[in-house]
Amino acid sequence: LVNAFTCDVTRVAGFLMGFSGSHHNGMFGLRASTNNNSWHDNVAHISRTNDSITVGSERMTTRAAFIKFDKLFADQIAYLAHSLAAIPEGDGTMLDNTLIYWGVESGTNHNHSPRDMQYLLIGGERLGIQTGQFLEFPSTQSAHKLHTSVLHAFGYMAPGFGIEPSCGPLAGVVG
(Lines give C-alpha, C1' and ligand atoms only; values in the text may rest on other atoms or scores of the structure.)
Protein backbone atom coordinates (compact mmCIF):
# COMPACT_ATOMS: atom_id res chain seq x y z
CA LEU A 1 0.00 0.00 0.00
CA VAL A 2 2.74 2.43 0.93
CA ASN A 3 4.57 1.84 -2.35
CA ALA A 4 1.36 2.31 -4.35
CA PHE A 5 0.68 5.57 -2.51
CA THR A 6 4.27 6.77 -2.91
CA CYS A 7 4.25 6.46 -6.70
CA ASP A 8 0.62 7.68 -6.91
CA VAL A 9 -0.68 4.50 -8.50
CA THR A 10 -3.61 5.00 -6.11
CA ARG A 11 -4.47 6.96 -2.99
CA VAL A 12 -7.37 4.74 -1.98
CA ALA A 13 -6.98 1.20 -0.64
CA GLY A 14 -8.70 -1.36 1.50
CA PHE A 15 -6.73 -3.40 4.00
CA LEU A 16 -9.14 -6.17 4.96
CA MET A 17 -8.10 -8.55 7.69
CA GLY A 18 -11.40 -10.39 7.68
CA PHE A 19 -15.02 -9.83 8.56
CA SER A 20 -17.14 -10.81 11.53
CA GLY A 21 -17.70 -14.31 10.14
CA SER A 22 -14.03 -14.86 9.30
CA HIS A 23 -12.82 -17.94 11.03
CA HIS A 24 -9.15 -17.17 10.38
CA ASN A 25 -8.56 -20.88 9.85
CA GLY A 26 -5.15 -21.96 11.02
CA MET A 27 -4.32 -18.67 12.73
CA PHE A 28 -3.02 -19.37 16.23
CA GLY A 29 -4.03 -23.01 15.73
CA LEU A 30 -7.75 -22.28 15.39
CA ARG A 31 -9.72 -24.32 12.88
CA ALA A 32 -13.04 -23.95 11.06
CA SER A 33 -16.21 -23.77 13.13
CA THR A 34 -17.16 -27.35 12.21
CA ASN A 35 -14.45 -28.34 14.68
CA ASN A 36 -15.98 -25.91 17.20
CA ASN A 37 -12.65 -24.14 17.56
CA SER A 38 -12.79 -20.93 15.55
CA TRP A 39 -12.15 -17.25 16.12
CA HIS A 40 -15.74 -16.26 15.37
CA ASP A 41 -17.56 -18.91 17.34
CA ASN A 42 -15.30 -19.30 20.35
CA VAL A 43 -13.55 -15.97 20.67
CA ALA A 44 -15.34 -13.01 19.09
CA HIS A 45 -18.84 -13.69 20.41
CA ILE A 46 -17.86 -14.77 23.91
CA SER A 47 -14.71 -12.76 24.57
CA ARG A 48 -16.40 -10.90 27.41
CA THR A 49 -16.27 -14.08 29.50
CA ASN A 50 -13.53 -15.97 31.26
CA ASP A 51 -14.31 -19.17 29.35
CA SER A 52 -11.19 -21.07 28.37
CA ILE A 53 -9.89 -21.84 24.86
CA THR A 54 -6.66 -23.23 23.43
CA VAL A 55 -4.85 -20.83 21.12
CA GLY A 56 -1.80 -22.45 19.57
CA SER A 57 -0.45 -24.52 22.42
CA GLU A 58 -1.54 -22.09 25.14
CA ARG A 59 -4.71 -22.32 27.22
CA MET A 60 -6.22 -18.88 27.92
CA THR A 61 -9.51 -17.12 28.54
CA THR A 62 -11.55 -16.06 25.54
CA ARG A 63 -10.94 -12.49 26.69
CA ALA A 64 -7.16 -13.04 26.49
CA ALA A 65 -7.58 -14.70 23.08
CA PHE A 66 -9.54 -11.71 21.79
CA ILE A 67 -6.77 -9.39 23.00
CA LYS A 68 -4.18 -11.59 21.28
CA PHE A 69 -6.05 -11.35 17.97
CA ASP A 70 -6.66 -7.63 18.41
CA LYS A 71 -2.95 -7.04 19.09
CA LEU A 72 -2.01 -8.88 15.89
CA PHE A 73 -4.37 -6.68 13.88
CA ALA A 74 -3.27 -3.51 15.73
CA ASP A 75 0.38 -4.31 15.01
CA GLN A 76 -0.40 -4.42 11.27
CA ILE A 77 -2.18 -1.05 11.41
CA ALA A 78 0.66 0.46 13.48
CA TYR A 79 3.23 -0.77 10.93
CA LEU A 80 1.24 0.87 8.13
CA ALA A 81 0.88 4.14 10.07
CA HIS A 82 4.59 4.29 10.94
CA SER A 83 5.51 3.58 7.32
CA LEU A 84 3.29 6.41 6.08
CA ALA A 85 4.58 8.79 8.77
CA ALA A 86 8.17 8.16 7.64
CA ILE A 87 7.55 9.55 4.14
CA PRO A 88 7.78 13.35 3.78
CA GLU A 89 4.98 14.83 1.69
CA GLY A 90 4.28 18.53 1.26
CA ASP A 91 4.52 20.32 4.60
CA GLY A 92 4.08 17.10 6.55
CA THR A 93 4.09 13.38 5.97
CA MET A 94 2.14 10.95 3.86
CA LEU A 95 0.19 10.02 7.00
CA ASP A 96 -0.99 13.63 7.34
CA ASN A 97 -2.54 13.30 3.87
CA THR A 98 -3.90 9.79 4.42
CA LEU A 99 -6.69 8.56 6.64
CA ILE A 100 -6.41 5.12 8.19
CA TYR A 101 -9.95 4.27 9.22
CA TRP A 102 -9.86 1.14 11.39
CA GLY A 103 -12.85 -0.56 12.86
CA VAL A 104 -14.98 -3.66 12.98
CA GLU A 105 -18.67 -4.13 12.40
CA SER A 106 -19.45 -5.23 15.93
CA GLY A 107 -19.56 -3.15 19.06
CA THR A 108 -18.47 -3.77 22.63
CA ASN A 109 -21.51 -5.94 23.21
CA HIS A 110 -20.59 -8.05 20.16
CA ASN A 111 -23.69 -7.40 18.08
CA HIS A 112 -23.74 -6.04 14.56
CA SER A 113 -25.80 -2.90 15.14
CA PRO A 114 -24.35 0.37 13.79
CA ARG A 115 -24.30 1.68 17.38
CA ASP A 116 -21.68 1.11 20.06
CA MET A 117 -18.84 0.47 17.63
CA GLN A 118 -15.32 1.67 18.15
CA TYR A 119 -13.26 3.15 15.34
CA LEU A 120 -9.75 4.46 15.28
CA LEU A 121 -8.89 7.26 12.86
CA ILE A 122 -5.16 7.67 12.29
CA GLY A 123 -3.68 10.52 10.28
CA GLY A 124 -5.80 12.66 8.01
CA GLU A 125 -4.81 15.96 9.60
CA ARG A 126 -4.51 17.64 6.17
CA LEU A 127 -7.99 16.31 5.34
CA GLY A 128 -9.46 18.20 8.29
CA ILE A 129 -9.63 15.27 10.70
CA GLN A 130 -9.31 16.51 14.28
CA THR A 131 -6.38 14.45 15.57
CA GLY A 132 -5.05 13.64 19.02
CA GLN A 133 -8.37 13.11 20.73
CA PHE A 134 -10.61 10.45 22.20
CA LEU A 135 -14.29 11.16 21.62
CA GLU A 136 -16.69 9.91 24.23
CA PHE A 137 -20.39 10.72 24.08
CA PRO A 138 -23.06 10.60 26.80
CA SER A 139 -25.02 8.09 24.73
CA THR A 140 -24.21 5.64 21.97
CA GLN A 141 -23.85 7.13 18.51
CA SER A 142 -24.46 5.56 15.15
CA ALA A 143 -21.38 4.57 13.19
CA HIS A 144 -23.17 6.10 10.21
CA LYS A 145 -22.53 9.54 11.72
CA LEU A 146 -18.80 8.81 11.71
CA HIS A 147 -18.98 7.53 8.13
CA THR A 148 -20.77 10.77 7.18
CA SER A 149 -18.00 12.79 8.86
CA VAL A 150 -15.35 10.95 6.86
CA LEU A 151 -17.26 11.66 3.65
CA HIS A 152 -17.23 15.35 4.65
CA ALA A 153 -13.44 15.19 5.20
CA PHE A 154 -13.11 13.99 1.61
CA GLY A 155 -15.29 16.82 0.34
CA TYR A 156 -18.55 14.96 -0.17
CA MET A 157 -21.13 16.73 1.97
CA ALA A 158 -23.60 13.85 2.31
CA PRO A 159 -26.47 14.41 4.76
CA GLY A 160 -26.11 10.87 6.08
CA PHE A 161 -24.96 7.36 5.31
CA GLY A 162 -26.53 4.01 4.47
CA ILE A 163 -29.72 3.20 6.33
CA GLU A 164 -29.55 6.59 8.06
CA PRO A 165 -29.61 8.96 5.07
CA SER A 166 -30.08 12.10 7.21
CA CYS A 167 -28.13 11.27 10.40
CA GLY A 168 -25.59 14.06 9.88
CA PRO A 169 -21.91 14.01 10.85
CA LEU A 170 -20.50 13.11 14.25
CA ALA A 171 -19.47 16.16 16.25
CA GLY A 172 -15.74 16.64 16.82
CA VAL A 173 -14.39 14.51 13.97
CA VAL A 174 -13.86 17.10 11.22
CA GLY A 175 -12.87 20.67 12.03
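## Helix α4 and its neighbours

In this predicted model, the buried residues of helix α4 pack against two strands, β5 (99-103) and β6 (119-123). Helix α4 runs over residues 143-153 and is mostly covered, with nine of its 11 residues buried. These buried residues are Ala143, His144, Leu146, His147, Thr148, Ser149, Val150, His152 and Ala153.

Particular features mark the two ends of the helix. At the start of α4, the backbone nitrogen of His144 has a side-chain oxygen of Ser142 within 3.0 Å. Just after α4, Gly155 adopts a positive phi of about 90°.

## Lys145

Lys145 also belongs to helix α4. Is this residue buried, partly exposed or exposed? The relative accessibility of Lys145 is 25%, and a residue is buried only under 20% and exposed only over 50%. Lys145 therefore counts as partly exposed.

The side chain of Lys145 is joined to that of Gln141 by a polar contact of 3.2 Å. When residues up to four places away in sequence are not counted, Lys145 touches Cys167, Gly168, Pro169 and Leu170. A further spatial relation concerns Pro159: this residue and Lys145 are 14 residues apart in sequence, while their C-alpha atoms are 9.4 Å apart in space.

## The second largest pocket

The second largest pocket holds about 770 Å³ of space. Which elements give two or more residues to its lining? They are strand β6 and helix α4. The largest share, five residues, comes from β6.

In total, 26 residues line this pocket, and those nearest its centre are Met117, Gln118, Tyr119, Phe134 and Leu135. Sorted by class, the lining has 13 nonpolar residues, 11 polar residues and two charged residues.

## Helix α3

Helix α3 covers residues 62-85, which makes 24 residues. How far apart should its ends lie? At 1.5 Å a residue, the helix should span 34 Å. The expected span is obtained by multiplying 1.5 Å by one less than the number of residues. The C-alpha atoms at the two ends are 34 Å apart, so the model agrees with the expected span.

The buried residues in α3 include Thr62, Ala65, Phe69, Phe73, Ile77, Leu80, Ala81 and Leu84. The spacing of such residues may be read with the geometry of a helix in mind. An α-helix has 3.6 residues a turn, so residues three or four places apart point the same way.

Technical notes. Residues numbered from 1 in each chain as written. Predicted model: local features only at pLDDT ≥ 70, side-chain atom pairs only at ≥ 80, totals over all residues. Heavy atoms only, no water. Helix = DSSP H or I, 4+ residues; strand = E, 2+ residues; numbered from the N terminus. Buried < 20%, exposed > 50% of the residue type's maximum accessible area, 1.4 Å probe, protein only. Contact = heavy atoms within 4.5 Å. Polar contact = N/O pair within 3.5 Å; in protein donor to acceptor, adjacent residues only side chain to side chain. 1 Å grid on protein atoms, 1.4 Å probe; cavity = no way out; pocket = protein on both sides within 12 Å on 5 of 7 lines; lining within 4 Å. Points joined across faces, edges and corners; volume = space filled by probe spheres on them. Nonpolar A, V, L, I, M, F, W, Y, C, P; charged D, E, K, R; others polar.
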